[in-house]
Every structure is written in C-alpha cells, then in structure tokens.
Amino acid sequence: MNTTDTTDTAELLVDGLTVPLRLLIGGAWTDGARGDTIPVVNPSDGSTLASIADATPADGTHAVGAAAAALPGWSATAPRKRAEILRCCYELMTEQSEQLARLISLENGKALPDARGEVAYAAEFFRWYSEEAVRIIGEISTSPSGGNRIVAQHQPIGVCALITPWNFPAAMATRKLAPALAAGCTAVLKPATLTPLTALAIARIMTEAGVPAGVVNVITTSRTGAVMDVVLADPRVRKLSFTGSTEVGRHLLKQAADNVLSCSMELGGNAPFLVFDDADLDKAVDGAMVAKMRNGGQACTAANRLYVQRGIHDRFARRLAERMAALRVGAGHRDGVDVGPLVDDASVRKVDELVQDAVQRGASVEVGGAPLDGPGFFYPPTVVTGVPVDARMVTEEIFGPVAPLIPFDTEEEAVEAANSTEYGLAAYVFTEDLGRGLRVAERLESGMVAVNRGLVSDPAAPFGGVKHSGLGREGAHEGMLEFTETKYIAVDW
Ligand code: NAP
C-alpha cells in the first residue's frame, strides 16, 4: 500500500485517494485559528500516519456560522436535486471503496474484509437517503370538529451538530450526514480524534459530488470538550446527533438541555446472544462469529454475553473455540488478516482486566486470554467459559475479541438474564422454533433483535436502542425524520 504525507499541501495520499488534513469550514480547507496539529496513529504498529488540524473553540463557532449561512439555500434546494447530489456521493464512494477501506484499516486497525464491509454499508446510507429525500411526506386531515383542516408537514430542523466514534469512522458519519442533508439540514461534523481521516476523505468526496459550501463542515480537535461546549451552546444549532459511549452521551444530554436541543443518541450496548438447545449448531456458531468478531469485537452491537442452553453448551463452546483459534491476527491493512489490533493500548489493558477479573472469579479461558506482544495493540480472539454473573465482563461493554459463555436451563431464566442490564441496543436469538424466536424477541428489552442472524445493521431498518443505549433511530425513513420538525398549519377554507 502506498501512503504519502504531502505535508506542504496538507494532504495524505492512500493508493491515490486524497485525504485532506485540514478543517472543512464554509467550503474551504483551513488550518484553524491556532495552526496546531494532532498526530493520527496506526494501531497496527504505533506509527504516526499523518497530522491533522486542531480546531479551537473559535473554529467551532466559525463552522456553525458557515452551516447557518448555507441553511436557507440548502433547505430551499429542490428535494430531487438534493437526492441527486446524495446519489453522486454514493457513486463516488463506491468507485473509491478499496482505497477508503485501506484508509479505514490504517487509522482504525480493523481487518480489510471488515473495512470493505464498512465502506459498502456506509455508502449505502447515501443511496438510501437519496431515495428518501423525495419522500418527506406530510398529512392533511379534517379536524374532529369539522371546522378546519389540519396540515402537518416535516421541515428541516436546522443546523445539526454531529459527533461520531472511532469504531466505524465511515458508517457513523454517513449514517448522520446522509439523512441530515436529505432532510434539508446543514451540519458540523466532529469525528473521533483517533480516526478523523476517513471522515475528512468522505467530506472531500461530498464536495466533489456537488454538496455546496457550508452544507457540511468538519472540525477535528484535541480540545473536544471546549470546542463542542461552544458549538452546542450556539443558538443557531438546533440538533445534536451523537454516537458514542453512554457516559459521554449522558454528559451531552445535560449540556443539550441548556440550549433545548433535539437529541438523537446512539450509545453503548451489552448485547445478549441466546442459543437454545433446538438451535442449528452451525448457524449459531456462524452467527456468533459475526456478532462477536465484526470489527474485532469493537462494535456497539457486539455479542457481549453468550447465554447457551445446557444441552448444546459444550458442543457450541468447543466449535466456537476452534473457530476463534483459527482466526489470523495481524496488521489490519495487510491482506490475509482476519482480526486487526484494538484501537489503542488503553483498550488492550481494559479487555485484559476484564478477562483477568472473570478468571479470578472462577471462569476458564478456552483460547486466547492474554495480550500479544507489540508493536501495535493486539489482543487475541478469546473464549471464556463458566463466566459467573457478577464478572465485570457481564455488566460492562467488553469492546474486544472476547466471548464469555454462560450456561442456562430455561427460557425464562435466559430472558431474565438477558434483560438484567441498563443497556438495550441489540440482542441475538438462535432457535429453530420460530414461535420461540419471536416470543423471546418480543420480551427482550432491546431496540433490535436478530433471530438466527449475527448481523442486524441495515440502512433500510431503524437502528437504535432502548434504556441507556439511546434515544431515537438512525437509518430507515425514521432516521430522516429525526432531522425534521413537524409544522402544523390550521387552515380554514
Ligand atoms: P466516546 O468516547 O463516547 O466518544 C464518541 C465521540 O464523542 C468522539 O467523537 C469524542 O471525541 C466525542 N466526545 C468525547 N467527549 C466529548 C465531550 N465532552 N463533548 C463532545 N464530544 C465529546 O466513544 P468512543 O470510545 O469513540 O466509541 C465507543 C462507544 O461508542 C461505545 O460505547 C460504543 O458502544 C458506542 N457506539 C454506539 C453506536 C450505536 O449506534 N449505538 C455505534 C458505534 C459506537 P474525541 O474522540 O475527541 O474524544
């Protein structure tokens, strides 16, 4: 792979893909008020990939100003025109999908097959919302008294602050940008500081596709709290769409209250994965490999607790351990690698702490179980059996390639255990009895349930959580309505 940091022009070239290393404000690539930079590290070897511009609070205000100035023009742009620009974003992203996948692998560490999957998923949000932009449909009805008509229409909510995490640097950005633009809103995007390059590359693609100046602004910063405090307090901002940890989400909800911002929050998960005795063993193991190992386990939807009924438990554990042991661990951007590094050293230490805690409480490690030597931040695929319910890995998000197995006897017990968490994002159920699958799915306290599948994410489906996993939905038609306000007009005619 070819990477060149062309410092003079503040661009990184990855196999011919141009990645700007500056802030995008009002259609111009800029160094920011102070001219400081932040290094971006390749987690596969700890080397510095590039240095990006470091925004100040003043840059945050400048970006909001650019988004506010572009709002009247963009919200008045014909929906068909907005749709065509979004479709062009999809096409340009798809044309450069291999280079984008390599860029994601370089800055995030995920293995190339995962990165390719992410680019396809991320681009699909542009295609899906290009199709939705022309379907912002309101309602007209007669009031119950018969005295007037009720006209309800969906209008763009205004300037949106979009904050994204490092684990899906492309998809989390497009899952917000595409519906926001489809609805007629303008945006200030703040990508995660660990993985800003993919968002900058996508922003450049969007400008090439014809997104007008100021409609999308991107700020990267090491002073995240200070810069976003200013952005979220700005009265011109009307929406916060955040994806990240529940801890930061709670803090932002409090902050958003001061400016009475509409909030869509995609927060942490602790997904239960239920395997019943009557499950198809092959399907359940395949599903577990996807639900656990997509992105090396660093996904909000990752299977965090695998509850396995006693009659199938030992066969499932053996097969899963064999499959996990066979995965090839290495630098994410190298061909032939199945599992890349974790995103940083702190993640390796956290995952190892959780494994050691479970072992101290009596669990057994079947495969993996200790950090790998560097350079780079590697933890091997790990299966732990006999995990007691008070182990930290049962209550906390593992965010790594560790599968804890917990046996159960009855359906009632499995549902109760699955629901015993403050999270409620994704859940998985494996059974050949469809009646049981749907019955259990309805009782699980989570926003999404996959029955006999290891993957729930789909741009055409409403993605989101209940309880402390979030507020609102992304994807589907609902994802666009999150960027609108309903206007009611009472008409006498
Ligand atoms: P995080 O630490 O919460 O950070 C997420 C984003 O918030 C980053 O851009 C971060 O910026 C920013 N941020 C941090 N403090 C902030 C503040 N005071 N004001 C404004 N922004 C602030 O989460 P993460 O570690 O990047 O991502 C992992 C988490 O995301 C996991 O919990 C995972 O479950 C969750 N997630 C949820 C979904 C979903 O759809 N529900 C999807 C993916 C991930 P910096 O990078 O500069 O710190």
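How many cavities of 30 Å³ or more does a search of the whole structure find? The count is three. Keep in mind that this is a predicted model.

## The cavities

Start with the largest cavity, which holds about 70 Å³ of space. Its lining is made up of 16 residues, and those closest to the centre are P272, A418, Y423, E445 and S446. If you want to find the spot by secondary structure, look for β15 (271-275), α13 (411-419) and β20 (426-430), each of which supplies at least two of the lining residues. By class, the lining of this cavity splits into eight nonpolar, five polar and three charged residues.

The second largest cavity comes in at about 50 Å³. Here is the full set of residues around it: V290, A291, R294, A299, T301, A302, Y428, G454, L455, V456 and S457. Seven of these count as nonpolar, three as polar and one as charged.

## A closer look at E445

E445 turned up above as one of the residues closest to the centre of the largest cavity. Where does E445 lie in the chain? Look in the loop that runs between α14 (434-443) and β21 (448-451).

Is E445 buried, exposed or partly exposed? Its relative accessible area is 38%, so E445 counts as partly exposed, since the label covers values between 20% and 50%. You can also place E445 relative to G465: the two are 20 residues apart in sequence, and their C-alpha atoms are 9.1 Å apart in space.

## The largest pocket

Now for the pockets. The largest one has a volume of about 1,000 Å³. A total of 49 residues line this pocket, with P165, W166, G244, S245 and F399 closest to its centre. Several elements give two or more residues to the lining: α5 (171-183), α7 (224-233), β13 (237-243), α8 (246-258) and α11 (345-360). Of the contributors, α8 has the largest share, at seven residues. Sorted by class, the lining has 22 nonpolar, 16 polar and 11 charged residues.

Why does the largest pocket lie between domain 1 and domain 2? Because both domain 1 (3-267 + 470-489) and domain 2 (271-458) give residues to its lining.

## The second largest pocket

The second largest pocket holds about 360 Å³ of space. Its lining has 18 residues, and nearest the centre you will find P113, D114, M293, R294 and N295. R294 also appears in the lining of the second largest cavity. Two or more lining residues come from each of α4 (112-132) and α9 (281-293), and α4 provides the largest share with five. The class breakdown for this pocket is 10 nonpolar, three polar and five charged residues.

This pocket, too, has residues from domain 1 (3-267 + 470-489) and domain 2 (271-458) in its lining, so it lies between them.

## Strand β19 and its partners

Strand β19 covers residues 402-408 and is mostly tucked away, with six of its seven residues buried. Which strands pair with β19 in the parallel sense? One of them is β16 (residues 303-309), joined to β19 by four bridges. To see this pairing on screen, pick Q309, whose bridge partner in β19 is F408.

Strand β18 (residues 382-385) also runs parallel to β19, with three bridges between them. In this case V383 has A403 as its bridge partner in β19.

## A three-stranded open sheet

Elsewhere in the model, three strands make an open sheet with antiparallel pairing, in the order β8-β9-β23. The edges are β8 (139-142) and β23 (484-491), each of which pairs on one side only. From one strand to the next, the twist averages 20 degrees.

How many bridges join β8 to β9? There are four, and β9 covers residues 149-156. If you need a landmark for this antiparallel pair, S141 sits opposite I150 in β9. When you look along these strands, remember a general point: in a regular strand, side chains alternate between the two faces of the sheet.

Note on methods: Residues numbered from 1 in each chain as written. Predicted model: local features only at pLDDT ≥ 70, side-chain atom pairs only at ≥ 80, totals over all residues. Heavy atoms only, no water. Pairing = 2+ DSSP bridges. Axes fitted to C-alpha atoms, helices over the stretch in contact; angles between N-to-C directions. 1 Å grid on protein atoms, 1.4 Å probe; cavity = no way out; pocket = protein on both sides within 12 Å on 5 of 7 lines; lining within 4 Å. Points joined across faces, edges and corners; volume = space filled by probe spheres on them. Nonpolar A, V, L, I, M, F, W, Y, C, P; charged D, E, K, R; others polar. Domains from an automatic or database assignment. Buried < 20%, exposed > 50% of the residue type's maximum accessible area, 1.4 Å probe, protein only.
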